[in-house]
Amino acid sequence: MAYHRPAIQGFTCHALRTARLLTLAGLGSLCLSTGAAAEQAKTLGQKTYEKTCIYCHEAGIGPELKGRQLPPEFFAIIVRSGLRAMPAFPQTHISDATLKELGQYLSTSPARVPASATSK
Ligand code: HEC
């Protein structure tokens, strides 16, 4: 019984591929490109900031980082060495490449609108 499986799987895959090619080609590529666009909407720098920094830096624990045009190198130095209450993040946590993008994202991001300003 088991040795029939590869043949059945092969047939199923082939049938699916054919169906996709014949009838779903347009729809399939539309789905793919929509998913890719949603994934690309957030840059690596933004994703890292939201995952690693936001819970202190937008919670009143650490100072505002956005909208100050701080140079990317400044973020790199503070992130690698830490600053008093702020922990250092080593290369194994945030890679050099990610840190570069994070610094670029923060140094070019506009100041955020405080929650108190929008809730009125
Ligand atoms: C556990 C909380 C915490 C996390 C997480 C954190 N920080 Fe901080 N950060 C702080 C605190 C607190 C300070 C202020 C330290 C001080 O001046 O005593 C600070 C200061 C800074 C400063 C200096 C700002 C200034 O005006 O001097 C930078 C730059 C910075 N953090 C970047 C980051 C980045 C980028 C991340 C994410 C990778 C991050 N921090 C994650 C708590 C945190």
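**Exercise 1. Describe how helices α3 and α5 pack, given that their axes come within 7 Å of each other.**

Solution. The model is a predicted one.

Step 1. Two packed helices are described by the angle between their axes and the distance between the axes. For α3 and α5, the axes cross at roughly 90 degrees and come within 7 Å.

Step 2. Angles of 65 to 115 degrees count as roughly perpendicular. Helix α3 is therefore roughly perpendicular to α5.

Step 3. The contact involves L44, G45, Q46, T48 and Y49 on the α3 side, and T98, E101, L102, Q104, Y105 and L106 on the α5 side.

Step 4. Sorted by class, the residues of this contact of α3 with α5 comprise five nonpolar, five polar and one charged.

**Exercise 2. Determine how α4 and α5 are oriented to each other, and state which residues form their contact.**

Solution.

Step 1. Helix α4 covers residues 72-81 and helix α5 covers residues 96-108. Their axes lie 8 Å apart, and the packing angle is about 125 degrees.

Step 2. An angle over 145 degrees would count as roughly antiparallel, and one of 65 to 115 degrees as roughly perpendicular. The angle here belongs to neither class, so α4 and α5 are oblique to each other.

Step 3. The handedness of the crossing of α4 and α5 is right-handed.

Step 4. From α4, the contact draws on P72, E73, F75, A76 and V79; from α5, it draws on L99, K100, L102, G103, Q104, L106 and S107.

Step 5. The residues in this contact of α4 with α5 are seven nonpolar, three polar and two charged.

**Exercise 3. Classify L106 and A97 as buried or exposed, and place each in the structure.**

Solution.

Step 1. L106 is part of helix α5, and A97 also lies in helix α5.

Step 2. A residue is buried if 20 or more other C-beta atoms lie within 10 Å of its own, and exposed if 12 or fewer do. L106 has 24 C-beta neighbours inside 10 Å and therefore counts as buried. A97 has 9 such neighbours and therefore counts as exposed.

Step 3. Setting aside neighbours within four places in sequence, L106 is in contact with Y49, L65, K66, L70 and F75.

Step 4. Positions far along the chain can be compared in space. The C-alpha atoms of L106 and Q69 are separated by 7.8 Å, while the two residues are 37 residues apart along the chain. For A97 and G45, the C-alpha separation is 9.7 Å and the chain separation is 52 residues.

**Exercise 4. Identify what is notable about the phi angles of Q69 and R84, and state where these residues lie.**

Solution.

Step 1. Most residues other than glycine have a negative phi.

Step 2. Phi of Q69 is near 50 degrees, a positive value although the residue is not glycine. Phi of R84 is near 45 degrees, likewise positive in a residue other than glycine.

Step 3. Q69 is situated in the loop between α3 and α4, whereas R84 is situated in the loop between α4 and α5.

Step 4. Q69 has 11 other C-beta atoms within 10 Å and is therefore exposed. R84 has 4 other C-beta atoms within 10 Å and is therefore exposed.

**Exercise 5. State how many residues surround the ligand, and describe the shell they form.**

Solution.

Step 1. The ligand is surrounded by 19 residues, of which the closest are C53, C56, G62, R84 and M86.

Step 2. By class, this shell consists of 15 nonpolar, three polar and one charged residues.

Step 3. Helices α3 (44-57) and α4 each provide at least two residues of the shell.

Step 4. C53, one of the closest residues, is located in helix α3. With 19 C-beta neighbours inside 10 Å, C53 counts as partly exposed, because the class of buried residues begins at 20.

Step 5. C53 and V79 are 26 residues apart in sequence, and their C-alpha atoms are 9.7 Å apart in space.

**Exercise 6. Summarise the overall make-up of the protein: how many helices and strands does it have?**

Solution.

Step 1. The protein contains six helices and zero strands. Along the sequence, the pattern reads α-α-α-α-α-α.

Step 2. Of its 120 residues, 9% count as buried.

Step 3. Among contacts with a separation of 6 or more, 77% are between residues 24 or more positions apart.

Note on methods: Residues numbered from 1 in each chain as written. Predicted model: local features only at pLDDT ≥ 70, side-chain atom pairs only at ≥ 80, totals over all residues. Axes fitted to C-alpha atoms, helices over the stretch in contact; angles between N-to-C directions. Helix = DSSP H or I, 4+ residues; strand = E, 2+ residues; numbered from the N terminus. Parallel < 35°, antiparallel > 145°, perpendicular 65-115°, else oblique. Left-handed = near helix turned anticlockwise from the far one by under 90°. Contact = placed C-beta atoms within 7 Å. Nonpolar A, V, L, I, M, F, W, Y, C, P; charged D, E, K, R; others polar. Near = placed C-beta within 6 Å.
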